[in-house]
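Please open the structure in your viewer, with a cartoon for the backbone and sticks ready for side chains. The stops below say what to select next and what is to be found there.

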Amino acid sequence: QHLEAALPIARDLANAPVVASDLADIARDLAAARLPVADALDAALADELPILLRDGGCMRDGFRADLDDARRLSSDGRSVIAGLQAKYVEQTGVKTLKVRHNNVLGYFIETPASAARVLSLPPHDRVFQHRQTVSNAMRFMTPELGEIEARMAVASERALAIEVEVFDTLVASILSEEIALGALAAALGDLDCICALAALAEEQGYVRPVVDASTAFCIVGGRHPVVEQALKRERGPAFIGNDCQLGQPARLWILTGPNMAGKSTFLRQNAVLAVMAQMGSFVPAASAHIGVVDKLFSRVGASDDLARGRSTFMVEMVETAAILHQATERSLVILDEIGRGTATFDGLSIAWACLEYLHDVNRCRALFATHYHELTSLPGRLPNASNATMAVKEWKDEIVFLHQVRSGAADRSYGVQVAKLAGLPGAVVDRARAVLKVLEEAGETRKAVSMHETLPLFAAAQKPAPQPSPVVDALKAINPDALTPRQALDALYRLKELE
């Protein structure tokens with residue numbers, strides 16, 4: 001089918017008023033695709049092919065007479081025998097002649113004893129060979145019937161053997177045209193990719209990006225193509241587009257904000273847009289200007305490599321080291337939560353140093369998401385760094401994620417609120433709030449040992465002192481064995497009044 005489609009597609013491209021250079025090359029490759037093997041495949045292969053060759057039915061009916069005969073014998077043996085019986089009746093004039101079968105003789109010809117004499121006389125005696133005499137009937141055999149019986153016994157195997165033979169011949173023909181077919185497949189694959197991207201851009205309202213030799217990275221109203229489609233399938237809210245301006249003066253953004261607010265999505269969407277733009281696709285944005293990115297680096301998520309003795313934090317550090325050693329001024333780097341796998345001050349120190357190195361040495365375009373709010377002070381001393389944050393609103397002890405990127409820095413991570421949204425038990429959430437309040441009031445430099453004096457144990461804080469209950473006291477005063485039914489009913493009403 002691909003071979004048949006190649007020439008019409010080539011003609012359509014040739015007749016188009018304007019054809020890009022890439023499409024012109026594809027049209028040229030497709031126009032040269034009229035290969036002899038195409039006619040051979042079309043003549044031999046059935047329209048509906050089986051999954052496996054051994055299932056049979058791969059070759060078209062009428063392609064080879066011996067294959068059709070074998071199939072006919074295999075699938076329609078009764079009609080073949082019926083045709084042979086009609087033939088013998090016509091030749092001998094014996095209307096009562098029958099072709100029968102049993103497990104002892106196989107196929108044989110049977111006539112009543114009164115008519116059997118006809119088959120024993122010339123010229124029929126040369127064809128019909130006496131096989132057996134039974135009560136009131138005689139049985140005969142012919143070379144033709146014996147041959148048909150033998151052929152029917154092996155018809156299925158013979159049909160499959162012929163198909164395998166033809167298939168091997170076709171494979172040899174295809175291999176002889178390997179280079180030409182490879183070029184055709186590549187051209188069709190390129191065209192399919194281009195058409196798919198064009199259809200997607202038309203359906204989803206993507207725009208043509210400007211890709212040049214600058215170091216700009218200017219996205220207006222950018223959207224994540226995968227998340228946007230997922231929201232549409234689930235009939236969820238519309239994806240909120242965000243701008244990203246990396247270059248002069250700020251080529252490094254420090255992105256803060258709560259979990260679930262969209263930091264990771266924002267990082268990934270800009271990396272995806274860079275890839276889409278440089279592969280020749282339109283991008284989901286209001287506008288896009290992207291200077292050519294020589295390398296795209298990503299350090300996101302949490303994973304380990306325990307089989308090689310690498311913890312989650314070690315894998316994070318190895319990947320970060322690779323980025324810092326290889327990123328150039330033309331690279332795009334996205335980093336998500338560097339330093340989170342170790343102690344707070346260790347992680348903060350590593351993240352701080354990495355930011356400075358990216359700014360001063362690599363000098364690349366970078367998005368750096370973090371919960372270390374201390375890093376938001378760096379733009380004051382790093383001229384090409386800037387703060388950005390995910391906007392949220394607080395409402396009655398709840399947070400509303402706006403999924404909007406704004407300039408500035410977050411002062412809180414809202415982790416306790418997100419934990420509540422995740423379904424942590426209420427006692428755990430309340431305890432976390434109490435601990436957080438004490439820690440914030442004490443300051444981060446306070447020693448952990450001194451916090452024990454301020455924060456009571458979880459169990460003590462969770463369990464209130466027991467309070468006397470009049471219902472419990474009344475129940476204790478009742479002796480059920482000493483009550484009449486009437487007294488028991490009166491006691492129940494009194495307990496009801498005490499609740």
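**Two packed helices**

Begin by selecting helix α5, residues 77-92, together with helix α7, residues 143-153, which in this predicted model pack at an angle of about 175° with their axes 12 Å apart. Since angles over 145 degrees count as roughly antiparallel, that makes α5 roughly antiparallel to α7. To display the contact itself, show side chains for Gly 77, Val 80, Ile 81, Leu 84, Lys 87 and Tyr 88 on α5, and for Glu 144, Leu 145, Ile 148 and Met 152 on α7. Coloured by class, this contact of α5 with α7 comprises seven nonpolar residues, one polar residue and two charged ones.

**Aromatic pairs**

Keep Tyr 88 selected, as it belongs to the α5 side of that contact, and turn to the aromatic rings, for which a search of the whole structure finds two pairs. Add Phe 128 to the selection: the ring centres of Tyr 88 and Phe 128 are 5.2 Å apart and the planes stand at 70°, so this pair is edge-to-face. The two partners come from distant parts of the chain, 40 residues apart, with Tyr 88 in helix α5 and Phe 128 in the loop between α6 (116-119) and β3 (129-134). Are these two rings buried or exposed? Tyr 88 has a relative accessibility of 1% and therefore counts as buried, and Phe 128, at 4%, counts as buried too.

For the other pair, select Trp 253 and Phe 266, whose rings are stacked, with 6.2 Å from centre to centre and 10° between the planes. Because Trp 253 sits in strand β8 (residues 252-256) and Phe 266 in helix α11 (residues 263-278), the pair ties together parts that are 13 residues apart in sequence. Trp 253 is buried at a relative accessible area of 11%, and Phe 266 counts as buried at 2% relative accessibility.

**Along helix α11**

Extend the selection from Phe 266 to the whole of α11, a helix of 16 residues that reaches 23 Å from its first C-alpha to its last, close to the 22 Å expected at 1.5 Å a residue. Colouring by accessibility brings out the buried residues of α11, which are Lys 263, Phe 266, Leu 267, Gln 269, Asn 270, Ala 271, Leu 273, Ala 274, Met 276 and Ala 277. While looking at them, it helps to recall that an α-helix has 3.6 residues a turn, so residues three or four places apart point the same way.

Within this helix, centre the view on Asn 270, which is buried with a relative accessible area of 1%. Which residues is Asn 270 in contact with, leaving aside its neighbours within four places in sequence? They are Phe 217, Ile 219, Cys 244, Leu 332 and Leu 367.

By way of contrast, select Val 275, also placed in α11, which counts as partly exposed at 44% relative accessibility. A C-alpha to C-alpha distance drawn from Val 275 to Leu 296 reads 8.4 Å, for two residues that are 21 apart in sequence. Just after the helix, Gly 280 takes a positive phi of about 100°.

**Helix α14 and its surroundings**

Move next to helix α14, residues 415-422, where Val 416, Gln 417 and Val 418 are buried. Showing β14 (398-407) and α15 (426-442) alongside reveals the elements against which the buried residues of α14 pack. Just after α14, Gly 423 has a positive phi of about 100°.

**Backbone geometry worth a stop**

Most residues other than glycine have a negative phi, and most peptide bonds are trans. With that in mind, select His 403 in strand β14, a residue other than glycine whose phi is positive, near 55°; His 403 is partly exposed, with a relative accessible area of 35%. Then go to Arg 363, in the loop between α13 (344-362) and β12 (365-369), where phi is again positive, at about 55°, although the residue is not a glycine. Arg 363 counts as partly exposed at 36% relative accessibility.

Finally, select Gln 248 and Pro 249 to inspect the peptide bond that joins them, which is cis, with omega near 5°. Pro 249 lies in the loop between β7 (242-246) and β8, and β8 is the strand that holds Trp 253 of the stacked aromatic pair.

Terms used. Residues numbered from 1 in each chain as written. Predicted model: local features only at pLDDT ≥ 70, side-chain atom pairs only at ≥ 80, totals over all residues. Heavy atoms only, no water. Axes fitted to C-alpha atoms, helices over the stretch in contact; angles between N-to-C directions. Helix = DSSP H or I, 4+ residues; strand = E, 2+ residues; numbered from the N terminus. Parallel < 35°, antiparallel > 145°, perpendicular 65-115°, else oblique. Contact = heavy atoms within 4.5 Å. Nonpolar A, V, L, I, M, F, W, Y, C, P; charged D, E, K, R; others polar. Phe/Tyr/Trp six-rings, centres within 6.5 Å; stacked < 30°, edge-to-face > 60°. Buried < 20%, exposed > 50% of the residue type's maximum accessible area, 1.4 Å probe, protein only. Expected span 1.5 Å × (residues − 1).
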